[in-house]
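Me: I would like a close look at the inside of this model, please. Start with any enclosed space, and then tell me about the rings and cysteines.

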Amino acid sequence: MLSDIEIAQAAKMLPIEQIAGKLGIDTEYIEQYGKYKAKISLDLYEKISNHPEGKLILVTAITPTPAGEGKSTTTVGLAQGIAKLGRKVAVALREPSLGPCMGVKGGAAGGGYAQVVPMEDINLHFTGDMHAVSSAHNLLSAMLDNHIQQANALRIDPRRVVWRRVVDMNDRALRNIIIGLGGKAHGIPREDGYDITVASEVMAILCLASDLEDLKHRLARIVVAYTYDNEPVTVSMLKAQGAMAALLKEAIKPNLVQTLEHVPAFIHGGPFANIAHGCNSVMATKLALKLSDYVVTEAGFGADLGAEKFFDIKCRYADLKPQAAVIVATVRALKMHGGVPKNALTIPDVQAVVQGAANLEKHIENITKFGVPAVVAVNAFPTDTAEELAAVKAICQKAGVPVAISNVWAEGGQGGLELAQMVLDVADSKAAQFAPIYPLDVPLAEKVRIIACEVYGAKGVVFSKEAEKTIAELEKMGYGHLPVCMAKTQYSFSDDAGLLGRPRDFTVTVRQARVSAGAGFIVMLTGDIMTMPGLPKIPAAEKIDVDKNGRITGLF
C-alpha cells in the first residue's frame, strides 16, 4: 500500500495557470510560486465583487479521537466527487503548521487519493505565510520591549504584558522563559514565553481581515499590555501596525493549488481551533465563492469547537450563509466514544458503535440548531463490518439526516459520489436558515452560557473569580459586544478530556478571559489549553528525510 506522500509524488499535476483557468482567473492576477503554486492578486476580488456567490458547504466532524476521523480527506474527496458530477467546485482549507507536521500528526493535506498537492510544499514552507505571521508577531514583541526599555512613555507595567512571542514549531522548552537578562543594556527582565505561530492573534486577524486596510485596522486594535493604571495598551499606541502590515502584504493574498484530481484548492491561513477560530481565511473563502458554484471548506476539530466558531465568528463577520454541513464520523472513532480502547478497535462491536453514536447524535443536533441542514459522511476503513456500518446508517436515519459511506481515501472522487450527490441535494434544496446561536448584545457571560448549555450540553457554567473580574473589566472597556471564542479541549464536549461520548450533568469552568481585540473576539479559557505543544517521544520528524535529488520521504 502506497503512503500518502508516495501517492502525492506520483500525481500528474497541471500547471497552476490551467487550474486558475478552470475558475476563469486571468493570468494577470496569478503570482506564481513555481509551476504548481500561486498567490492570487487582491485586485481580482475587486474586479469580480459583483459576481453572484456559490453555495458554501462546511465539513466538520464528531469529537476527535486518537483513532482519527479524516476531515481534510473528506473535504478534498467530497470536492472531487462534486467535480465528477459536473459541477464547478473549489476547496478552501487551512495551511498546515510545521509544528504538528514534525510532531504527532505528520502531513496535513488530506490523505490517500483525496489530497491537495504539491503535498510536501504545502506541509513545509508553502508560500511563506507562516513565516510572515511569525515575523510580524515578533516585530511587535521587539517593539513592545524596546518601548519599555526606552523610557516607557506609555507607562506599561512589565508585569502585565500579555503579548508573548511565537515560533512555528513544537518546542515545550520555550513555553516559559525569562528575557532581558545580562544587564541594563539588554532590556528589562521579565517573564515571557512562546506560543506556536498558529495560536498568534496575528494569524486570527489574517484569516478574518476583508482586505489590506482592514488587516491594518485590526492589527492596530491588538491589546499587548496594560499600564500601571490598568488601561489597555494597543498596537496603535506603539505605532507598529504599518510595519506589521508591510510584513503581511504578500501573506494576505490567497494561495491557489490543486487536488489530485485537479480541483482548484485555496489554502490560506491556519488559526488554532481552540485558542482561535480554526478556519481558513475569509478572503480565500469569499474569493472561492465568487469563482465557483460550490465551495467545500473545513473548520478545525469537532463541530462543538470548529463549526461553532465558523458559524458564530467567521460567518458573522464575513456575512457567509452556509447551505449544508457534513459531519465526518468513523466506526473506529464511534467505538472509542463507546468505551473501546484504541488497541481493540479492529474487533467488531456493534453495541459499542451504537453507544458511541450518542456523540454523533449531539453533533447533528448542534448543526441543526444553527439552521444548517446536515449530512453524515462515514469515512470507511477496511476493518469496518457491514453490521457496524448498518448501525451507523440506522442511527442517522432515526435522526433524520442523510448518510453516505465515503471511500474517498481509497478511491478519490469516485469513492465520494454518493456523498457528493447527497450534499448537492441538500445544498440546492434551499433548506438552510442559518443564524448564529447567540446575539451580540447579550453580556459575555451569557454568550458563554448559551454555548456551554446549547452546544456542549452542560448544565451550567462556573466562572473563577479572576475570570469574573476580567470579564467585568473587558465589558467596562467596551469589549462586551464581541463574540466569544471558547478555548477548551477538543477531545470532549466538556472541559474534561476524559469524558468521551455524550457527557451529561457537567459544568464548564471558565478560568480566564482574554481579549483578542484585533481578531474581534473574547477568548474564554477552560481546562488546560496548550498554546505551545511539545514533541512526542518519537517525533514524526525522525522519519522525514530528503535524498540527493531533493525528493522528500516520510512526510506521512
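Reply: One cavity of 30 Å³ or more turns up when the whole structure is searched. Here a cavity is a set of points on a 1 Å grid over the protein atoms alone where a 1.4 Å probe fits but cannot get out. This is a predicted model, so to speak of local features we need pLDDT of at least 70, and for side-chain atom pairs 80 or more, while totals for chains, interfaces and linings use all residues. Numbering runs from 1 along each chain as its sequence is written, and side-chain values use heavy atoms, without hydrogens and water.

The largest cavity has a volume (the space filled by probe spheres set on points joined across faces, edges and corners) of about 40 Å³. Who lines it? Look for Glu 95 and Pro 96, then Ile 122, Leu 124, His 125, Phe 126 and Met 130; a lining residue has an atom within 4 Å of a point. Five of these lining residues are nonpolar, one is polar and one is charged. (Ala, Val, Leu, Ile, Met, Phe, Trp, Tyr, Cys and Pro count as nonpolar, Asp, Glu, Lys and Arg as charged, and the others as polar.)

Now try an open space. The second largest pocket holds about 1400 Å³; a pocket is an open set with protein on both sides within 12 Å along at least five of seven lines. Its lining has 45 residues, and nearest its centre you will find Val 161, Val 162, Arg 164, Gln 512 and Arg 514. By type, the lining of this pocket has 21 nonpolar, nine polar and 15 charged residues. Strand β22 gives the most to the lining, six residues. Other elements that each supply at least two residues include β7 (156–161), α8 (201–208) and α20 (465–476). (Helices, H or I of at least four residues, and strands, E of at least two, are DSSP runs numbered from the N terminus.)

On to the rings: the whole structure has three aromatic pairs. (Rings of Phe, Tyr and Trp, the last by its six-membered ring, pair if their centres lie within 6.5 Å; planes under 30 degrees apart are stacked, over 60 edge-to-face, the rest tilted.) Phe 310 and Phe 311 make an edge-to-face pair, with 5.6 Å between centres and 65 degrees between planes. Phe 310 counts as buried because its relative accessibility is 0%, and Phe 311 counts as buried at 0% as well. (Buried is under 20% relative accessible area, exposed over 50%, partly exposed in between, with a 1.4 Å probe and protein chains only.)

Phe 311 also forms a tilted pair with Phe 370, at 4.6 Å centre to centre and 40 degrees between planes. This pair joins distant parts of the chain: Phe 311 sits in helix α13 (residues 303–318), while Phe 370 lies 59 residues away, in the loop between α15 (350–369) and β18 (374–379). Phe 370, like Phe 311, is buried. Through ring pairs, Phe 310, Phe 311, Phe 370 and Phe 434 form a cluster.

Finally, the structure has zero disulfides (two cysteine sulfur atoms within 2.5 Å). Cys 101 cannot bond because the closest cysteine sulfur, in Cys 207, is 16 Å away. Cys 101 is buried, at 1% relative accessibility. Cys 453 is in no disulfide either, with the nearest cysteine sulfur, that of Cys 485, 18 Å away. At 19% relative accessibility, Cys 453 counts as buried.
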